[in-house]
Amino acid sequence: PSKKSLTNVIQSLRMCCLGDKPCELEFLSDGSDLFGGVHNHVNYEDSNINVAIPVFTIHGNHDEPAGTNFYSAMDVLHTTGLVNYFGRVPKNDQIEVKPVLLQKGSTKLALYGLSNVRDERLFRAFRMGHVKFFQPGKDRNEWFNLMAVHQNHVARTAKGYLPEDFLPGFMDMIIWGHEHECIMDPRFNSEMDFHVVQPGSSIATQLMPGEAVPKYVGVLSVTGKEFKMEKIRLKTVRPFVMKDIILREEAELKNIHKKANNRLEISRHIRKKIHQLIEEANQQWQDLQTELGDLDEDEKPPLPLIRLRVDYTAPEGGRFDLENSQRITNEFIDRVANHDEIIHYHMKKKAPTRRTDDVDIPDEEAIAQITLDAIRLFHQFR
């Protein structure tokens, strides 16, 4: 995180989380086992500051510890007393996950945290039995077990993610970070007998389909072993609209691929689509403000994010002559937030073909002789 980001976070935490309101959470853990560093206690028990709303956090992949002493931006926030940074992973080959034990009235919460580890390393650590989870020493069935993780949730590669069934079955809920798509409704994993919530990013950070869905935050209320998730729609998120078009299937461009000079008509069509997406994004923002009862007629919507993916694969014997995308999008500098990334041209890859005509294919006897000569050569150089 940049110094500007860190400063803004500190300002937000001071403004929203400090105050005279007493914190009613009883801390039942050994702080030296959980926090380390300068403070071995929760921040709301510090006599030097007044914390009304305590924040507990793990680190993600963008603020992981680095440098000689492996400090993270979270260590800075923890040292200021503004957050409680837990879930550290000092050793990748021996990971111990210990809960923060909190109690309010008769409700007991065991809060587990596993800060980000490189996915392949964590996958290997789980497979080799090098990840150990601790539970409260007594009355284990009375605790609501909540866990925060920050790993790939989707199996993008064979070992580059954290499978849900790697996590212990005594958990009640997993709060899954890292993934950007917002899936706030708790999803029940019947095999593991726990619920999973993936809040996603609070703003659109990538021009991908998963970012073009409504953004929410959630308030989780726990009473005993029961919970309720209240979804809150974010109204200040920059609108993001994404669309795919296939030029050969656009009715307005029918048979245009047969025309010798078709660049002007294609560019005009793409500009028209961009205009439509901008209008759609602005309308979405206004509709959301109206729905939430916060529409100010004089307030202009924030510049939207627009993504138009254009498939220019032409039918056999034709072609689409495309104008440079920057020339088109420079016209929208004052109307969108990402004018240099609006258009993405792409075409289908042709399946590779192998020619068998006029090619001499060696017979089986020749192939056997080649193999035999290779074996002899191998023995000569051993």
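Start by selecting Ser106: this residue counts as exposed, at 68% relative accessibility (exposed means over 50% relative accessible area, buried under 20%, and partly exposed in between, with a 1.4 Å probe and protein chains only). Ser106 sits in the loop between strand 5 (100-104) and strand 6 (107-114); helices (H or I, at least four residues) and strands (E, at least two) are DSSP runs, numbered from the N terminus. Now add Glu142, which is 36 residues away along the chain, and you will find its C-alpha atom 9.3 Å from that of Ser106.

A word on what you are looking at: this is a predicted model, in which local features need pLDDT of at least 70 and side-chain atom pairs count only at pLDDT 80 or more, while totals for chains, interfaces and linings use all residues. Residues are numbered from 1 along each chain as its sequence is written, and side-chain values use heavy atoms, with hydrogens and water left out.

**Charged pairs**

Side chains of opposite charge can pair when their charged atoms come close. Here a salt bridge is a side-chain nitrogen of Lys or Arg within 4 Å of a carboxyl oxygen of Asp or Glu, and the whole structure holds 19 of these salt bridges.

Select Glu24 and Lys104, whose side chains form a salt bridge at 3.8 Å, N to O. This pair links distant parts of the chain, 80 residues apart: Glu24 is in the loop between helix 1 (3-17) and strand 1 (26-27), and Lys104 is in strand 5. Glu24 is exposed at 57% relative accessible area, whereas Lys104 is partly exposed at 47%.

Next, pick Arg263 and Asp321, which meet in a salt bridge with N to O at 3.2 Å. Arg263 belongs to helix 5 (residues 263-291) and Asp321 to the loop between strand 15 (305-311) and helix 6 (325-329), so the pair ties together parts 58 residues apart in sequence. Arg263 is partly exposed, with 36% relative accessible area, but Asp321 counts as buried at 17%.

Then move to Asp33, Glu96 and Lys98, which are joined into one network by salt bridges that share partners. Within it, Glu96 bridges to Lys98, with the closest N and O atoms 3.8 Å apart. Keep Lys98 selected and bring up Phe134: Lys98 lies over the face of that ring, 5.1 Å from the ring centre. A charge sits over a ring if NZ of Lys or CZ of Arg is within 6 Å of the ring centre and within 35 degrees of the ring normal. For another example, go to Tyr216, where the charged end of Lys231 is over the ring at 4.5 Å from its centre.

**Aromatic rings**

Rings of Phe, Tyr and Trp (its six-membered ring) pair if their centres lie within 6.5 Å; planes under 30 degrees apart are stacked, over 60 edge-to-face, and the rest tilted. The count by this rule is 10 aromatic pairs.

Select Phe123 and Tyr161, a tilted pair at 6.2 Å centre to centre with 45° between the planes. Phe123 is in helix 4 (residues 119-127) and Tyr161 in the loop between strand 8 (143-150) and strand 9 (173-177), so parts 38 residues apart in sequence are tied together. Phe123 is buried, at 6% relative accessibility.

Now add Phe126 and Phe166, also a tilted pair, at 5.5 Å and 35°. Phe126 and Phe166 are both buried.

To finish, select Tyr112, Phe123, Phe126, Phe133, Tyr161, Phe166 and Phe170 together: ring pairs link these residues into a cluster.
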